[in-house]
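Please examine the helices of the following model and discuss them by question and answer.

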Amino acid sequence: MTSVRRDESVRPTKRDEVAAAGSELIGGPIGRHALLGTSWLTPVRVIALVAIGMFALGMVQKLPCYNGGWFFGATSQYTHACYSDIPHLYAGRGFAEGLIPYFDRLPGDMEYLEYPVLTGVFMEVASWMTPHAGDIQQREQIYWLVNAGMLMICAVVIVVCVTRTHRRRPWDGLLVALAPAAALTATINWDLLAIALTAAGMLMWSRSRPLAAGVLIGMATAAKLYPVLLLGPLLVLCWRAGAWRAYRKAVAGALVSWLVVNLPVMITHDAAGFHIREGWAKFYTFSQERPIDFGSVWLLISQRTGNPLENANTYATLLMILGCGAIGLLALYAPRRPRFAQLAFLVVALFILTNKVYSPQYVLWLTPLAALARPRWRDFLIWQACEVMYFLGIWMYLAYTGNGDKHQGLPTEGYQLAIALHLLGTLYLCAVVVRDIWLPERDVVRRDGDDDPSGGVLDHSPDVFVLGRTHHQPRHAMQFEAAPRVRWGAVRE
């Protein structure tokens, strides 16, 4: 295996057989005499352009719905696999009537917008840019286009942040830019806002700026709940490295930014005093009361056994707690402190696997984390293939159940297979990441001479608290003896 200098960028076409084979479509792997960095087409710009192109293809895929599927026919948006929440919620959540989220009560059963505050702000800003003249169909189309433009900016932010997080591995951002499941799901909902803020937070942490990282993670949590989970891996990693000052800064930044966003909507005052606004609390009560739903392991179990699983909340919470405990022990027992991206991926994947619902766009949560945790094209594409199959499966299932006696689409057994594929694909990627943690010599990032490029203050830091044996000789060292050695915990020379 050819060694790589620590100041040299890692080229995936030289280190990854799948990337090398794929590069034949554009002329093959780059030659050793190529003059990199001499053109305006730097890796960051190339990857950003690719991301824009893939996002545009995802928008084209929604054309059958844009031209009528969202508005006519009971199952047309499912048979074309082009469903999106965005146009439907424009009228369904009061934006078409100019209602203010969290303050104005909605007609119908929902009563208030069921999204976190920063996502609600995003939706409201898009409604301001949508003309209020014309028929409702035209306005919903424009609203989707406005949101798509704003979400495209978020997609570019995500790939740029991923590309810059691992300084010597910029081309790993191409995994995110080319992810097929991400292109298909990018405009289903507003998840890309929270993901962009999370990716920016991880970039700031990798640059040893914990306060800025915490502020961005807090803002991301104000847009979607899952980013707060990243504070858990940081807790264990900072505990092992003794980096408590950096962790306190991150937590303080996250708490303050979350409060700054939420308090103006959260607290109301009347003659009875201060209390929590009902509209603000809707997201949390809705999440708690929501029954088991599409894509979850609980739906699969319920359909197979006929048990409604009324205590799914309790089961999911217990599994999440046990899983987080297992991830924490893995981090403290591992022979080398895991990389931040590895633990972040595992804890978010655990949340997805144990959640009561798995919407197709949740794959976006894991895509940048997967590219940082396991930047290996074969494993990434196996997982993406499973997610694409699930994406097709849920729409075909909804078409089957929504067109009456015609039963055109995927029956229940087929949809259960699609759920199983999603679960197995995610578990496969989790297993590979766990193996890399337990056998750090198998980690492709560390095999190229890095320690934790996403770790910031943790990178090359010595351990101060470890459980079990550590710093042992790699068990499969002979297999990788030609690779550059990483002195675990040593300061970069």
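**Helices and annotated spans**

Student: How far apart do the end C-alpha atoms of residues 314-334 lie?
Tutor: This is a predicted model, in which local features need pLDDT of at least 70 and side-chain atom pairs pLDDT 80 or more, while totals for chains, interfaces and linings use all residues. Numbering runs from 1 along each chain as its sequence is written, and side-chain values use heavy atoms, without hydrogens or water. The span is 95% helix (DSSP runs of H or I, at least four residues) and 0% strand (E, at least two). Its end C-alpha atoms are separated by 30 Å.

Student: Why does the end-to-end distance of helix α8 agree with its length?
Tutor: Helix α8 comprises the 30 residues 136-165. The expected span is 1.5 Å times one less than the number of residues, so α8 should extend 44 Å. Its end C-alpha atoms agree with this, at 43 Å.

Student: Which residue's backbone nitrogen does a side-chain oxygen of Asp135 reach at the start of α8?
Tutor: A polar contact is a donor-acceptor pair of N or O atoms within 3.5 Å, where sequence neighbours count only if both atoms are side-chain atoms. Here the oxygen comes to within 3.1 Å of the backbone nitrogen of Gln137.

Student: At what angle do the axes of α12 and α14 cross?
Tutor: Axes are lines fitted to C-alpha atoms over the stretch in contact, with angles from 0 to 180 degrees between N-to-C directions. Those of α12 (residues 210-221) and α14 (residues 244-266) come within 6 Å and cross at roughly 35°.
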